[in-house]
Protein chains: 2
Amino acid sequence: MFDPMCPSSVLPFRIGDKWTGMVVRCLEQGPRRFGELRGPLRGVTSKVLSETLRAMERDGLIRRIAYPENPPRVEYDLTPLGRSLLPLLDAARAWSREHLPELLRARQAYDAD
Amino acid sequence: MFDPMCPSSVLPFRIGDKWTGMVVRCLEQGPRRFGELRGPLRGVTSKVLSETLRAMERDGLIRRIAYPENPPRVEYDLTPLGRSLLPLLDAARAWSREHLPELLRARQAYDAD
DNA sequence: AGCGCCGGTTTCGTTGCGGTAACCAGGACC
DNA sequence: GGTCCTGGTTACCGCAACGAAACCGGCGCT
């Protein structure tokens, strides 16, 4: 129980990082270019974005397709494996919409003490 | 889109850390004592466990009940808010059971290059 | 007096994630 | 020759999470 391969550890193990979930969301509607990801993901720097994308490619969540044009064009696309995360992200979003305000209220009340 | 209060950010924001999900799992069947949590959560030190529990208490996910006995006895129990995370953790576990092997295979193939 | 139990705290150090800023390669365009 | 574009890389740094090990307070037991 509870080693890195344990199913219960998957959140911190793979999608607990800061940007992976948002990248999956951004690619939900179809392939996007590097620059098109930097826009909606406000605040991500190119370094962190490229690290995130590389890790996701390594794990088979996205495919990277580079077109030999100029200026260079690179597209990132969800694989079926990456797409399979969408229901999980939906569930997280639903939980958040319903319960996050309550959590924040509890935190604020605690801090007030 | 995608600030800390955005529902999509909830995984890293609150349950993306290493131990919170497992603590919720351990408390699923009922209240447990500090020492009873350290057992199944192999590898967690008392310091990290107490930090995790304190953060969860602050956010209203668990309640801490100290009995003034000796030797001291302290029990931790899920609140309704904490319990509401269970379906999300179930979904994560289900995804993991179904897809984690594929992810690991992709990673291994990538590392082989 | 000394030991053990429980539920921690303290100290110190390591690791890793994320961020800032500067730089780069190749071609197009002026 | 200089500048812009895309899609990055590199070097450096700070902070927070994580972890190992030692210690502690109160009581009961022997």
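Colleague: Which residues are linked with A:R14 in a network of salt bridges?

Modeller: In this predicted model, the network of salt bridges links A:R14 with A:R58, A:D59 and B:R107. One link in that network crosses from chain to chain, since B:R107 forms a salt bridge with A:D59, and the closest N and O atoms of that pair are 2.7 Å apart.

Colleague: How many salt bridges are counted between chain B and chain A, and how many does the structure hold over all chains?

Modeller: Between chain B and chain A the count is 2 salt bridges, while the structure holds 20 over all chains. Polar contacts are listed separately, and across this interface the rule finds 5 residue pairs in polar contact, both residues being at pLDDT 80 or more.

Colleague: Which helices of chain B each supply at least two residues of the side that touches chain A?

Modeller: They are helix 1 (10-15), helix 2 (20-27), helix 4 (46-58) and helix 6 (86-112) of chain B. The largest share of that side comes from helix 6 of chain B, with 17 residues. By class, the residues of the side of chain B that touches chain A divide into 27 nonpolar, 7 polar and 12 charged.

Colleague: How should I read the size of such an interface, and what is the area buried between chain B and chain A?

Modeller: As a general idea, the size of an interface is often given as the accessible area that is lost when the parts come together. Here the area buried between chain B and chain A is about 4300 Å², and carbon and sulfur atoms give 73% of it. The contact takes 46 residues from chain B and 46 residues from chain A.

Colleague: Turning to pairs within one chain, where do B:R14 and B:D59 lie, and are they buried or exposed?

Modeller: B:R14 forms a salt bridge with B:D59, with the closest N and O atoms 2.5 Å apart. This pair links distant parts of the chain, for B:R14 lies in helix 1 of chain B and B:D59 in the loop between helix 4 and strand 2 (62-67) of chain B, 45 residues apart. Both B:R14 and B:D59 are buried.

Colleague: Why does A:D77 count as buried, and which residue does its side chain meet in a salt bridge?

Modeller: The general idea is a cut-off, in that buried means under 20% relative accessible area. A:D77 counts as buried because its relative accessibility is 16%. The side chains of A:D77 and A:R63 meet in a salt bridge at 3.7 Å, N to O. This pair also links distant parts of the chain, with A:D77 in strand 3 (residues 73-78) of chain A and A:R63 in strand 2 (residues 62-67) of chain A, 14 residues apart. A:R63 is partly exposed, with a relative accessible area of 41%.

Colleague: Leaving aside its neighbours within four places in sequence, which residues is A:D77 in contact with?

Modeller: With those neighbours left aside, A:D77 is in contact with A:L27, A:G30, A:P31, A:L61, A:I62 and A:R63.

Colleague: Is A:R25, whose side chain meets that of A:E28 in a salt bridge, buried or exposed?

Modeller: A:R25 counts as buried, at 10% relative accessibility, whereas A:E28 is partly exposed, with a relative accessible area of 29%. Their salt bridge has an N to O distance of 3.1 Å.

Colleague: Which residues come nearest to DNA strand C?

Modeller: Of the 20 residues around DNA strand C, those that come nearest are A:K18, A:K47, A:N70, B:R64 and B:Y76. A backbone N or O atom of A:K18 lies 2.6 Å from a phosphate oxygen of the strand, and a polar side-chain atom of A:K47 lies 2.2 Å from a base oxygen of DNA strand C. A polar side-chain atom of B:R54 lies 3.0 Å from a phosphate oxygen of DNA strand C. Helix 4 of chain B gives the most to the surface near this strand, with 4 residues.

Colleague: Which residues come nearest to DNA strand D?

Modeller: Of the 20 residues around DNA strand D, A:R54, A:R64, A:Y76, B:K18 and B:K47 come nearest. Sugar and phosphate account for 69% of the atoms of DNA strand D that come within 4 Å of the protein. A phosphate oxygen of the strand is 2.6 Å from an N or O atom in the side chain of A:Y76, while a polar side-chain atom of B:K47 lies 2.5 Å from a base oxygen of DNA strand D. Helix 4 of chain A gives the most to the surface near DNA strand D, with 4 residues.

Technical notes
Residues numbered from 1 in each chain as written. Chains lettered and ligands numbered in written order. Predicted model: local features only at pLDDT ≥ 70, side-chain atom pairs only at ≥ 80, totals over all residues. Heavy atoms only, no water. Contact = heavy atoms within 4.5 Å. Buried area = accessible area lost by both parts, 1.4 Å probe. Salt bridge = Lys/Arg side-chain N within 4 Å of Asp/Glu carboxyl O. Polar contact = N/O pair within 3.5 Å; in protein donor to acceptor, adjacent residues only side chain to side chain. Nonpolar A, V, L, I, M, F, W, Y, C, P; charged D, E, K, R; others polar. Buried < 20%, exposed > 50% of the residue type's maximum accessible area, 1.4 Å probe, protein only. Near = heavy atom within 4 Å.
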